[in-house]
Amino acid sequence: MAERQERTAADAVLTRIGQVVMLHHAGDREEARRRLLDLWAEIGEHGEPLHRCTLAHYLADTQDDPCDELAWDLRALSAADEAEGAAGLRGFYPSLHLNLAADYVKLGRTEAARSHLHRARGTAAALGDDGYGDGVRAAISRLELRLRDDGDPGADPWGPPRQRPQ
(Lines give C-alpha, C1' and ligand atoms only; values in the text may rest on other atoms or scores of the structure.)
Protein backbone atom coordinates (compact mmCIF):
# COMPACT_ATOMS: atom_id res chain seq x y z
CA MET A 1 0.00 0.00 0.00
CA ALA A 2 2.82 2.45 0.85
CA GLU A 3 4.56 1.69 -2.46
CA ARG A 4 1.34 2.44 -4.34
CA GLN A 5 0.99 5.79 -2.55
CA GLU A 6 4.61 6.66 -3.43
CA ARG A 7 3.96 5.85 -7.10
CA THR A 8 0.81 7.98 -7.08
CA ALA A 9 2.72 10.91 -5.52
CA ALA A 10 5.52 10.50 -8.07
CA ASP A 11 3.02 10.46 -10.91
CA ALA A 12 1.44 13.63 -9.49
CA VAL A 13 4.77 15.49 -9.66
CA LEU A 14 5.33 14.42 -13.27
CA THR A 15 1.75 15.42 -14.10
CA ARG A 16 2.31 18.85 -12.57
CA ILE A 17 5.52 19.27 -14.56
CA GLY A 18 3.65 18.28 -17.72
CA GLN A 19 0.94 20.84 -17.04
CA VAL A 20 3.50 23.61 -16.69
CA VAL A 21 5.28 22.47 -19.86
CA MET A 22 1.96 22.84 -21.72
CA LEU A 23 1.72 26.38 -20.35
CA HIS A 24 5.22 27.07 -21.67
CA HIS A 25 4.40 25.61 -25.08
CA ALA A 26 1.29 27.81 -25.16
CA GLY A 27 3.62 30.82 -24.97
CA ASP A 28 3.70 31.85 -21.32
CA ARG A 29 7.40 31.40 -20.71
CA GLU A 30 7.65 33.66 -17.64
CA GLU A 31 4.77 31.99 -15.80
CA ALA A 32 6.08 28.55 -16.74
CA ARG A 33 9.53 29.45 -15.39
CA ARG A 34 8.00 30.74 -12.15
CA ARG A 35 5.90 27.59 -11.65
CA LEU A 36 8.77 25.25 -12.51
CA LEU A 37 11.01 27.09 -10.04
CA ASP A 38 8.29 26.70 -7.39
CA LEU A 39 8.20 22.98 -8.11
CA TRP A 40 12.00 22.85 -7.89
CA ALA A 41 11.85 24.50 -4.46
CA GLU A 42 9.19 22.00 -3.43
CA ILE A 43 11.03 18.83 -4.46
CA GLY A 44 14.46 20.15 -3.50
CA GLU A 45 17.93 19.40 -4.79
CA HIS A 46 17.79 15.98 -3.15
CA GLY A 47 14.38 14.95 -4.43
CA GLU A 48 13.65 12.01 -6.67
CA PRO A 49 16.25 12.00 -9.50
CA LEU A 50 13.60 11.41 -12.17
CA HIS A 51 11.69 14.48 -10.97
CA ARG A 52 14.82 16.62 -10.79
CA CYS A 53 15.97 15.45 -14.22
CA THR A 54 12.62 16.16 -15.85
CA LEU A 55 12.14 19.47 -14.07
CA ALA A 56 15.65 20.77 -14.79
CA HIS A 57 15.35 19.65 -18.42
CA TYR A 58 12.24 21.77 -18.89
CA LEU A 59 13.46 24.63 -16.71
CA ALA A 60 16.42 25.01 -19.06
CA ASP A 61 14.00 25.73 -21.90
CA THR A 62 12.50 28.68 -20.03
CA GLN A 63 15.80 30.50 -19.46
CA ASP A 64 16.73 33.73 -21.21
CA ASP A 65 20.46 33.55 -20.50
CA PRO A 66 22.39 30.74 -22.28
CA CYS A 67 24.58 30.28 -19.18
CA ASP A 68 21.48 29.67 -17.04
CA GLU A 69 20.13 27.29 -19.66
CA LEU A 70 23.41 25.37 -19.57
CA ALA A 71 23.32 25.21 -15.75
CA TRP A 72 19.83 23.69 -15.76
CA ASP A 73 20.72 21.22 -18.52
CA LEU A 74 23.77 20.14 -16.52
CA ARG A 75 21.53 19.62 -13.46
CA ALA A 76 19.23 17.46 -15.59
CA LEU A 77 22.14 15.30 -16.76
CA SER A 78 23.49 14.99 -13.23
CA ALA A 79 20.10 13.84 -11.92
CA ALA A 80 19.80 11.34 -14.79
CA ASP A 81 23.23 9.97 -13.92
CA GLU A 82 22.12 9.54 -10.29
CA ALA A 83 19.12 7.51 -11.43
CA GLU A 84 21.11 5.43 -13.91
CA GLY A 85 19.18 2.30 -14.70
CA ALA A 86 15.84 3.89 -13.82
CA ALA A 87 13.09 2.98 -16.24
CA GLY A 88 12.54 5.60 -18.87
CA LEU A 89 15.70 7.62 -18.37
CA ARG A 90 17.81 5.74 -20.92
CA GLY A 91 15.72 7.25 -23.68
CA PHE A 92 16.20 10.70 -22.19
CA TYR A 93 20.00 10.78 -22.63
CA PRO A 94 20.00 11.62 -26.36
CA SER A 95 17.85 14.68 -25.67
CA LEU A 96 19.89 15.69 -22.61
CA HIS A 97 23.14 15.58 -24.56
CA LEU A 98 21.54 17.27 -27.58
CA ASN A 99 20.39 20.14 -25.36
CA LEU A 100 23.84 20.48 -23.86
CA ALA A 101 25.38 20.52 -27.33
CA ALA A 102 22.98 23.29 -28.35
CA ASP A 103 23.81 25.23 -25.16
CA TYR A 104 27.52 25.03 -25.92
CA VAL A 105 26.91 26.18 -29.52
CA LYS A 106 25.11 29.27 -28.16
CA LEU A 107 28.10 29.94 -25.93
CA GLY A 108 30.60 29.51 -28.77
CA ARG A 109 32.15 26.39 -27.22
CA THR A 110 32.26 24.25 -30.35
CA GLU A 111 34.40 21.40 -29.03
CA ALA A 112 32.16 20.90 -25.99
CA ALA A 113 29.16 21.02 -28.33
CA ARG A 114 30.68 18.33 -30.55
CA SER A 115 31.46 16.16 -27.55
CA HIS A 116 27.86 16.22 -26.32
CA LEU A 117 26.52 15.81 -29.83
CA HIS A 118 28.69 12.71 -30.18
CA ARG A 119 27.19 11.40 -26.91
CA ALA A 120 23.69 12.20 -28.15
CA ARG A 121 24.32 10.20 -31.32
CA GLY A 122 25.86 7.38 -29.28
CA THR A 123 22.80 7.06 -27.05
CA ALA A 124 20.22 7.50 -29.83
CA ALA A 125 19.72 3.73 -30.10
CA ALA A 126 17.69 3.99 -26.88
CA LEU A 127 15.09 6.12 -28.68
CA GLY A 128 11.89 4.50 -29.84
CA ASP A 129 10.63 4.41 -33.41
CA ASP A 130 8.04 7.07 -32.73
CA GLY A 131 7.54 10.80 -33.19
CA TYR A 132 9.68 11.71 -30.19
CA GLY A 133 12.56 9.48 -31.28
CA ASP A 134 12.34 10.67 -34.86
CA GLY A 135 12.34 14.29 -33.70
CA VAL A 136 15.41 13.88 -31.49
CA ARG A 137 17.31 11.99 -34.20
CA ALA A 138 16.44 14.70 -36.74
CA ALA A 139 17.57 17.44 -34.33
CA ILE A 140 20.87 15.61 -33.77
CA SER A 141 21.40 15.44 -37.54
CA ARG A 142 20.56 19.13 -37.99
CA LEU A 143 23.02 20.18 -35.30
CA GLU A 144 25.69 17.90 -36.77
CA LEU A 145 25.23 19.63 -40.13
CA ARG A 146 25.31 23.05 -38.52
CA LEU A 147 28.55 22.28 -36.69
CA ARG A 148 30.05 20.81 -39.83
CA ASP A 149 29.05 23.92 -41.81
CA ASP A 150 30.55 26.20 -39.16
CA GLY A 151 33.91 24.46 -39.44
CA ASP A 152 35.65 22.82 -42.35
CA PRO A 153 32.84 22.02 -44.83
CA GLY A 154 34.50 18.75 -45.84
CA ALA A 155 35.35 17.63 -42.33
CA ASP A 156 33.69 14.73 -40.60
CA PRO A 157 33.48 15.90 -36.97
CA TRP A 158 33.56 12.33 -35.65
CA GLY A 159 36.21 10.82 -37.88
CA PRO A 160 39.94 11.36 -38.09
CA PRO A 161 41.21 14.47 -39.85
CA ARG A 162 41.34 14.00 -43.60
CA GLN A 163 44.25 15.05 -45.75
CA ARG A 164 43.47 17.76 -48.21
CA PRO A 165 44.30 17.27 -51.86
CA GLN A 166 47.44 19.10 -52.87
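**Exercise 1.** In this predicted model, classify R114 as buried or exposed, then describe its salt bridge with E111.

*Solution.*
- Step 1. R114 has 17% relative accessibility, so it counts as buried. The cut-off for buried is under 20%.
- Step 2. The R114 side chain meets that of E111 in a salt bridge, 3.3 Å from N to O.
- Step 3. E111 is exposed, at 58% relative accessible area.
- Step 4. Both residues sit in helix α6 (residues 110-123), 3 residues apart, so about one helical turn separates them.

**Exercise 2.** Find what the salt bridge between E69 and K106 ties together.

*Solution.*
- Step 1. The two side chains meet at 2.8 Å, N to O.
- Step 2. E69 belongs to helix α4 (residues 66-82) and K106 to helix α5 (residues 93-106), so the pair links parts 37 residues apart in sequence.
- Step 3. E69 is buried, with 11% relative accessible area. K106 is partly exposed, at 49%.

**Exercise 3.** Work out how helices α2 and α3 are oriented to each other.

*Solution.*
- Step 1. The axes of α2 (residues 29-43) and α3 (residues 49-61) come within 10 Å and cross at roughly 155 degrees.
- Step 2. Angles over 145 degrees count as roughly antiparallel. The two helices are therefore roughly antiparallel.
- Step 3. Their crossing is left-handed.
- Step 4. The contact has 9 nonpolar, 1 polar and 4 charged residues. Among them are W40 and L36 in α2, and Y58 and L59 in α3.

**Exercise 4.** State how many salt bridges the whole structure holds, and which residues join R29 in a network.

*Solution.*
- Step 1. The search finds 13.
- Step 2. R29 is networked with E30, R33 and D64.

Technical notes
Residues are numbered from 1 along each chain as its sequence is written. This is a predicted model: local features need pLDDT of at least 70, side-chain atom pairs count only at pLDDT 80 or more; totals for chains, interfaces and linings use all residues. Side-chain values use heavy atoms; hydrogens and water are left out. Axes are lines fitted to C-alpha atoms, for helices over the stretch in contact, and angles run from 0 to 180 degrees between N-to-C directions. Helices (H or I, at least four residues) and strands (E, at least two) are DSSP runs, numbered from the N terminus. Angles under 35 degrees count as roughly parallel, over 145 as roughly antiparallel, 65 to 115 as roughly perpendicular and the rest as oblique. A crossing is left-handed if the near helix is turned anticlockwise from the far one by less than a right angle, and right-handed if clockwise. Contact means heavy atoms within 4.5 Å. Ala, Val, Leu, Ile, Met, Phe, Trp, Tyr, Cys and Pro count as nonpolar, Asp, Glu, Lys and Arg as charged, and the others, Gly among them, as polar. A salt bridge is a side-chain nitrogen of Lys or Arg within 4 Å of a carboxyl oxygen of Asp or Glu. Buried means under 20% relative accessible area, exposed over 50%, partly exposed in between (1.4 Å probe, protein chains only).
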